[in-house]
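Biologist: I should like to go through this chain with you, element by element. Please state the criteria behind each term as we proceed.

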Amino acid sequence: MCWPNIGQTWDWLRTSYVGAIGFDKDEPTLTDNLCEALADPERRFDNRMDCDFQAETWELRRAADGTTTRIARADIRVILGAPGTPHFVVEFKKLDGTAQARWRYCHDGVNRFIEGKYAVGHAFGAMCAFTCAIPSAEASAMATYIAEPARAAALNCVDTAGVARITRPSAADPADAAFDTCHDRPTLAPNDPITLLHIFLAC
């Protein structure tokens, strides 16, 4: 798997263009800025990333009568290898430390993967937060929030190989992600669970 090196690229942006990526900017502006930096050919070559980055791409579904529908728009889609090969979807949300922002992260972010708006048939995806709080503190708060029994049930959280619903530190990408969660997707075909990496970026 070619992970997109999000944390290191964001650190470079904060050093180089801090005025362009403040928390006062809206989510699409922050996402587009990060996507452009991730897609830089020199950076991809230096980090041996055989992948491409696409911002704001639509998930399309074809109905039985042949018509197509735009289901949802992925914030950043990482194409792994040549076009047409598997891809990796990253969904972004802003977190300001409030319960309302955490609710949106879960129910208008994580839920998009569970409902199949993104990443049908994929084993992995990522939630990425732009936060004005200390990233480690917000990660801890979010992990606790997701693990609340009612919310864990609503998000179809499952145990991974008999361990806790929250895998912390991340097993999939300990360098960039604070923790992983695993979610059942019983309404999809295929209905394999998906593991989500949770990444927190200071903003």
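Biologist: Is N156 buried, exposed or partly exposed?

Modeller: This is a predicted model, in which local features need pLDDT of at least 70, side-chain atom pairs count only at pLDDT 80 or more, and totals for chains, interfaces and linings use all residues. Residues are numbered from 1 along each chain as its sequence is written, and side-chain values use heavy atoms, with hydrogens and water left out. Buried means under 20% relative accessible area, exposed means over 50%, and partly exposed lies in between, with a 1.4 Å probe and protein chains only. Because its relative accessible area is 26%, N156 is partly exposed.

Biologist: Where is N156 found, and what is its phi?

Modeller: Helices (H or I, at least four residues) and strands (E, at least two) are DSSP runs, numbered from the N terminus. N156 is found in the loop between helix 6 (149-154) and strand 5. Its phi is positive although the residue is not a glycine, with a value near 55°.

Biologist: A119 has a positive phi as well. Where is A119 found, and is it buried or exposed?

Modeller: The phi of A119 is about 60°, in a residue that is not a glycine. A119 is found in the loop between helix 4 and strand 4 (124-131). Since its relative accessible area is 1%, A119 is buried.

Biologist: How many helices and strands does the protein chain have, and in what order do the elements run?

Modeller: The protein chain has six helices and seven strands. From the N terminus on, the order is α-α-α-β-β-β-α-β-α-α-β-β-β.

Biologist: What is the radius of gyration of the protein chain, and does it agree or disagree with that of a compact globule?

Modeller: The radius is taken over C-alpha atoms, and the globule rule is 2.2 Å times the number of residues to the power 0.38. The C-alpha trace spans about 45 × 40 × 30 Å along its principal axes. For 203 residues a compact globule would have a radius near 17 Å, so the value for the protein chain agrees: 16 Å.

Biologist: Which percentage of the contacts in the protein chain with a separation of 6 or more comes from residues 24 or more positions apart?

Modeller: Contact means heavy atoms within 4.5 Å. Buried residues make up 46% of the 203 residues. Of the contacts with a separation of 6 or more, the share from residues 24 or more positions apart is 61%.

Biologist: How far apart are the C-alpha atoms of D65 and A178?

Modeller: D65 lies in the loop between strand 1 (51-62) and strand 2 (68-80). At 62% relative accessibility, D65 counts as exposed. D65 and A178 are 113 residues apart along the chain, and their C-alpha atoms are separated by 43 Å.

Biologist: How many salt bridges does a search of the whole structure find?

Modeller: Side chains of opposite charge can pair when their charged atoms come close. A salt bridge is a side-chain nitrogen of Lys or Arg within 4 Å of a carboxyl oxygen of Asp or Glu. By that criterion, the search finds eight.

Biologist: Which parts of the chain does the salt bridge between K93 and D108 link, and is K93 buried or exposed?

Modeller: The side chains of K93 and D108 meet at 4.0 Å, N to O. The pair links distant parts of the chain, 15 residues apart: K93 is in strand 3 (residues 87-95) and D108 in helix 4 (residues 99-114). D108 is partly exposed at 27% relative accessible area. With a relative accessible area of 3%, K93 is buried.

Biologist: Which residues are joined into one network by salt bridges that share partners?

Modeller: R112 and D108 both lie in helix 4, four residues apart, about one turn of the helix. Their side chains meet in a salt bridge of 3.1 Å, N to O. Bridges that share partners form one network of E91, K93, R104, D108 and R112.

Biologist: Which peptide bonds at P169 and P190 are cis, and what is omega for each?

Modeller: P169 is in the loop between strand 5 (166-167) and strand 6 (179-183), while P190 lies in the loop between strand 6 and strand 7 (194-202). The bond from R168 to P169 is cis, with omega near 5°. The bond from A189 to P190 is cis, with omega near 0°.
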